[in-house]
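Visitor: I would like to learn how to read a model like this one, feature by feature. Please start with a single residue and build up from there.

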Amino acid sequence: MRIGIIGCGQLARMLALAGLPLGLKFSFVADTGSDTDLSCVEGLGLIAPWQAGDNLADLYDALGQPDAFTVEKEQVDLNLLHGLAAFCRIAPSVNSVAHCKSRIEEKQLLAQLQIPSVPFCYGIDLNQSAKELGLPMVLKSLHDGYDGKNQWLVKDDRQLAQLAASPPQTDYLAEQWVAFDREVSLIGVRSTTGDTQFYPLTENVHHQGILVRSIAPAQGITPLMQQTAEDYMRAIFDALPYVGVFAMELFVVGDKLLVNELAPRVHNSGHWTQLGAMTCQFENHLRAIVGLPLGATQAQGATAMLNLLGTAAAPREALTTNASLHWYNKTPQPQRKVGHININACDHAQLQQQIAQVEARLSR
């Protein structure tokens, strides 16, 4: 069986690496508008370039006629997905990707399902948004906003006046600034048969909008909070309906959970599953879309994931006995994710010691 992946980044790479032991073959669609660096996936399968207007029958043949297509990112051309759907199954579906491609459609889906999210305004001017939401507030572009990009924090009246005089040259919504206790994420998966599995909630630490560390399972999470997050995701699964791995980022505010963002794909905050779960998110995504039984998702001890940003060479010297390195083979650039290190321990106390050892070696 051959799986086509839209995109040629590290998520596509890790999907292929997880699928090769399953006997799967892979092809990659290189969007010439953005995926110009193919170093992540070279040698892992067929690669074919695509740009708007290309003949999709020719593309499908060049990719070896995949049995199914999936995505490594939500910011893809929906016309491409609709066109490829004439040849084979798309998982997750075009509808699922579309709902998470636009922030306003995402918000509307959550509101429809009565899932609490961050209060927002859309379609009104900045001053009116500030009256309704208060300051601080954050502006987010409806598309192409990730790793802190295309987002603007409005702290006070002075910044509000500056932005009102020269607003972002893109469609955006305004969100209330939430004084959250911490950020967590839930990774879940739904198969073609409707079976679901969920990983434990993961605590995430960001710097300048970029994820730098994940800890799983998140400490201080009650069974009710885990169940609540799973119930939210089940509702989304059923509404779309969804097939594959899905990520939901949330703010913890006291004992409440507010959904921040959704991602219809494998996710950076799920990388810890490569070392800390019986079945990693990448294998479970492939199992889901090809109709295999889903793998176990329970945590094996305590695990951390440390992102490597802009590092020029694979830091093998930073490894310890309980750590594993995943190098993406990407051209290094400042703040670019070029790899990550997973660290596993028996419990969170030992995990913190292991993290300190790895970080000390990274800083040398």
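Guide: Happy to! Lys 140 has a relative accessible area of 5% and is therefore buried. Buried means under 20% relative accessible area, exposed means over 50%, and partly exposed lies in between (1.4 Å probe, protein chains only). Keep in mind that this is a predicted model, where local features need pLDDT of at least 70 and side-chain atom pairs count only at pLDDT 80 or more, while totals for chains, interfaces and linings use all residues. Residues are numbered from 1 along each chain as its sequence is written, and side-chain values use heavy atoms, leaving out hydrogens and water.

Visitor: With which residue does Lys 140 form a salt bridge?

Guide: The idea first: a salt bridge is a side-chain nitrogen of Lys or Arg within 4 Å of a carboxyl oxygen of Asp or Glu. For Lys 140 the partner is Glu 175, with the closest N and O atoms 3.0 Å apart. The pair links distant parts of the chain, as Lys 140 sits in strand S7 (residues 137-141) and Glu 175 in strand S9 (residues 172-176), 35 residues apart. Strands here are DSSP runs (E, at least two residues), as are helices (H or I, at least four), both numbered from the N terminus. Glu 175 has 3% relative accessibility, so this residue is buried too.

Visitor: How many salt bridges does this rule give?

Guide: The count comes to 10. One of them joins the side chains of Glu 74 and Arg 265 at 2.5 Å, N to O. Here Glu 74 lies in the loop between strand S4 (68-71) and helix H3 (78-84), while Arg 265 lies in the loop between strand S15 (256-263) and helix H9 (273-276), 191 residues away along the chain. Both Glu 74 and Arg 265 are buried.

Visitor: And where do Asp 231 and Arg 234 lie?

Guide: They are both in helix H8 (residues 223-239), three residues apart, about one turn of the helix. Their salt bridge has its closest N and O atoms 3.4 Å apart. Asp 231 is at 39% relative accessibility and so counts as partly exposed; Arg 234, at 30%, is partly exposed as well. Elsewhere, salt bridges with shared partners tie Arg 103, Lys 107, Lys 140, Glu 175 and Glu 261 into one network.

Visitor: Back to the strands, then. In what order do the four strands of the open sheet run?

Guide: For pairing, DSSP must find at least two bridges between two strands. The order is S6-S9-S7-S8, with antiparallel pairing. Strand S6 (120-121) and strand S8 (151-154) are at the edges with a single partner strand each, so one side of each has no neighbour in the sheet. S7 and S8 pair over four bridges, and Met 137 has Val 154 in S8 as its bridge partner. H5 packs on this sheet, touching S6, S7, S8 and S9, and its direction makes about 50° with that of S9. Helix H7 (residues 157-165) also packs on the sheet; it touches S7 and S8, at about 135° to the direction of S8.

Visitor: How should I read the packing of two helices, say H4 and H5?

Guide: Look at the axes, which are lines fitted to C-alpha atoms, for helices over the stretch in contact, with angles from 0 to 180 degrees between N-to-C directions. Helix H4 (residues 94-101) and helix H5 (residues 103-112) meet at about 105°, their axes 5 Å apart. H4 and H5 are therefore roughly perpendicular (65 to 115 degrees; under 35 is roughly parallel, over 145 roughly antiparallel, the rest oblique). In contact terms (heavy atoms within 4.5 Å), Ala 98, His 99, Cys 100 and Lys 101 of H4 meet Arg 103, Glu 105, Glu 106 and Leu 109 of H5.

Visitor: Which residues of H1 are buried?

Guide: Nine of the 10 residues of H1 are buried, among them Leu 11, Met 14 and Leu 15. Helix H1 (residues 10-19) packs against helix H10 (residues 281-290) at about 75°, with axes 8 Å apart. Leu 11, Met 14, Leu 15, Ala 18 and Gly 19 make the contact from H1, and Phe 282, Glu 283, His 285 and Leu 286 from H10. Met 14 is at 5% relative accessibility, so this residue is buried. Leaving aside residues up to four places away in sequence, Met 14 touches His 271, Gln 274, Phe 282, Tyr 328 and His 340.
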